[in-house]
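Colleague: Got a minute to walk me through this one? I'd like to go over the packing, the sheets and the cysteines.

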Amino acid sequence: MIKWYNILLTLVLLSGLVSCVEEYWPNIDKYENLLVVDGLVTNGVDTTVVSLSISTSINDSKLLPLSGAQVYISDQDNVMSQLIEMEIGSYKIPASEFIGKVGDSYQLHINHPNGNKYVSDISTLLEPSPIDSVYSSPDSYELTNGDHPVVGLQFYIDNHGLTADTCNYLWRLSQTYKYQSSFTLDYIWEGAMIQVENPDSLRTCWRTKPVQQIFTYSTRYLDNTKITKYPLNFVSTDTKMLSMRYSLFVEQLTIEDRAFSFWDALQKQNISQENLYTQQPVQIRGNVRNVLDEDEVVLGYFTVAGVTKKRVYVNRPASLTFYYSVCDPDFESMMMVAASTPTFWPIFITNIPGAGMALGASDVCFDCRLEGGGLNPPNFWEE
């Protein structure tokens with residue numbers, strides 16, 4: 001399960017909360033050491049994951065994983081399925097042992113190592129709605145102090161509900177992109193010039209990361225359940241994401257009213273990893289509580305949802321101007337390579353046809369892995 005953008009540490013709002021989500025004014029001095037729950041059950045064939053953490057200071061964005069808990073999910077027949085701690089604070093059960101069923105109800109049970117017991121509200125897994133299409137179109141906007149417009153692709157989704165009933169949606173997005181370093185690695189200097197057999201060996205990478213935004217929508221006040229051109233994420237040419245080939249993976253979750261109110265309240269505040277704690281916090285309580293102490297504040301949410309998935313690919317848009325930084329070849333420093341000491345080895349060197357050998361500002365100019373990616377495409381990747 002993709003991490004829920006690390007927003008669960010804050011779960012904050014200023015105003016405008018939907019009435020079925022409880023507004024709570026916390027004592028900030030007591031914000032530390034709160035249980036944070038991030039769980040999801042769907043009808044999809046994925047491993048079910050519940051992440052447990054402990055909050056730190058309101059001025060600290062870290063979560064401390066909670067190890068040693070006992071975690072169970074029960075259904076409407078009170079059949080219990082145990083999740084096993086596979087990584088510190090991450091409790092999992094494979095799809096071969098547990099998959100949510102449409103129409104069934106589920107509840108989360110947590111036995112804390114300190115002896116406290118926690119349960120979630122009982123939630124029903126709703127029927128998922130189809131995704132008709134996910135697509136993009138060029139878009140741009142101006143920045144007040146920018147030296148160029150922000151240019152990129154705006155992604156959209158179209159879908160329709162299967163019934164005339166209200167549909168509440170939460171979208172989770174993950175993006176994967178193929179990119180290259182600026183230079184081929186033709187030679188390495190380690191006291192002598194060593195020719196690299198495959199100069200492209202470190203040049204092309206693939207990187208996957210979540211989209212750090214929340215996307216919600218409800219057809220509650222619409223005459224029909226069809227959604228057309230709902231905006232998802234925007235991908236800018238200021239980065240390398242669109243430089244070669246880009247893939248967007250969309251998970252569309254159909255959720256109950258209370259879950260929608262919770263996630264929609266967060267979405268309205270545009271909370272992301274980059275702007276936590278930018279406003280006076282008001283906490284949203286989730287759907288997990290201490291069995292013996294109803295007043296204890298528990299952060300996070302156990303979400304039960306019908307899921308539909310779709311992946312799309314986009315090649316480098318020929319019509320867009322790209323602004324991501326590239327390395328400039330350093331020809332002058334090549335003259336000093338032979339006089340370098342082992343402290344600076346290995347020194348990476350590229351050979352630019354018609355111009356000669358050159359250095360780069362750093363190893364990132366030669367090794368794409370230093371920009372966060374890996375040398376092998378993921379299993380789902382299509383060219």
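**Core, sheets, disulfides and rings**

Modeller: Sure, and keep in mind that this is a predicted model. The largest nonpolar core has 29 residues, and those with the most contacts inside it are Phe155, Trp171, Leu232, Leu248 and Val250.

Colleague: Which elements give two or more residues to this core?

Modeller: Those are β12 (131-141), β13 (150-160), β14 (168-180), β19 (226-236), β20 (245-255) and β23 (299-315). β14 gives the most, with five residues.

Colleague: And what does Leu232 touch?

Modeller: Leaving out residues up to four places away in sequence, Leu232 touches Gln154, Phe155, Tyr156, Ile157, Trp171, Leu173, Phe215 and Val250. Apart from this core lies another one, of 23 residues, with Leu83, Ile93, Leu125 and Val288 among them.

Colleague: OK, sheets. What's the strand order in the three-stranded one?

Modeller: The order is β12-β13-β19, an open sheet with antiparallel pairing. β12 and β19 are the edge strands, and each pairs on one side only. On average, neighbouring strands of this sheet are turned by 25 degrees against each other, direction ignored.

Colleague: How many bridges join β12 to β13?

Modeller: There are 10 bridges between β12 and β13, which run antiparallel. To pick out one position, Tyr135 has Tyr156 in β13 as its bridge partner.

Colleague: What about the sheet of four strands, what order does that have?

Modeller: That open sheet goes β16-β15-β24-β25, again with antiparallel pairing. β16 (193-195) and β25 (356-358) are at the edges with a single partner strand each, so one side of each has no neighbour in the sheet. The twist from one strand to the next averages 30 degrees.

Colleague: Can you take me through the pairings along it?

Modeller: Start with β15 (residues 187-189), which pairs with β16 in the antiparallel sense over three bridges. There, Ile188 has Ile194 in β16 as its bridge partner. Three bridges also join β15 to β24 (residues 347-352), and those strands run antiparallel. In that pairing Trp189 has Ile347 in β24 as its bridge partner. Then β24 and β25 pair over three bridges in the antiparallel sense, and Ile352 stands opposite Gly356 in β25.

Colleague: Which residue takes a positive phi in the hairpin of β24 and β25?

Modeller: That's Gly354, with phi near 85 degrees, in a hairpin that has three residues between the strands.

Colleague: Switching to cysteines. How many disulfides does the structure hold?

Modeller: Two. In one, Cys205 and Cys368 are bonded, with their sulfur atoms 2.0 Å apart. That link is right-handed, with 70 degrees about the S-S bond. The pair links distant parts of the chain, 163 residues apart: Cys205 is in strand β17 (residues 204-210) and Cys368 is in the segment after β25.

Colleague: Are Cys205 and Cys368 buried or exposed?

Modeller: Both Cys205 and Cys368 are buried.

Colleague: And what does Cys327 join to?

Modeller: Cys327 is joined to Cys365, with an S to S distance of 2.1 Å. The torsion about the S-S bond of Cys327 and Cys365 is about -85 degrees, so this disulfide is left-handed. Cys327 sits in the loop between β23 and β24, and Cys365 in the segment after β25, 38 residues apart. Cys327 is buried, as is Cys365.

Colleague: So what pattern do the disulfides follow?

Modeller: Counting bonded cysteines along the chain, the pattern is 1-4, 2-3.

Colleague: Last topic, rings. How many aromatic pairs does the count come to?

Modeller: 14, taking ring centres within 6.5 Å as a pair. One of them is Tyr141 with Phe234: the ring centres are 5.7 Å apart and the planes are at 55 degrees, so the pair is tilted. Tyr141 belongs to strand β12 and Phe234 to strand β19, 93 residues apart. Tyr141 counts as partly exposed at 41% relative accessibility, and Phe234 counts as partly exposed at 24%.

Colleague: How about Tyr177 and Tyr179, how far apart are the centres of their rings?

Modeller: 5.5 Å, with the planes at 40 degrees, so that pair is tilted. Tyr177 is buried, at 6% relative accessible area, and Tyr179 is buried, at 1%.

Colleague: Which residues do ring pairs link into a cluster?

Modeller: Tyr169, Trp171, Tyr217 and Tyr230. You've met Trp171 before, among the residues with the most contacts inside the largest nonpolar core.

Note on methods:
Residues numbered from 1 in each chain as written. Predicted model: local features only at pLDDT ≥ 70, side-chain atom pairs only at ≥ 80, totals over all residues. Heavy atoms only, no water. Core = buried A, V, L, I, M, F, W, Y, C linked by side-chain atoms within 4.5 Å. Buried < 20%, exposed > 50% of the residue type's maximum accessible area, 1.4 Å probe, protein only. Contact = heavy atoms within 4.5 Å. Pairing = 2+ DSSP bridges. Axes fitted to C-alpha atoms, helices over the stretch in contact; angles between N-to-C directions. Disulfide = S-S within 2.5 Å. Phe/Tyr/Trp six-rings, centres within 6.5 Å; stacked < 30°, edge-to-face > 60°.
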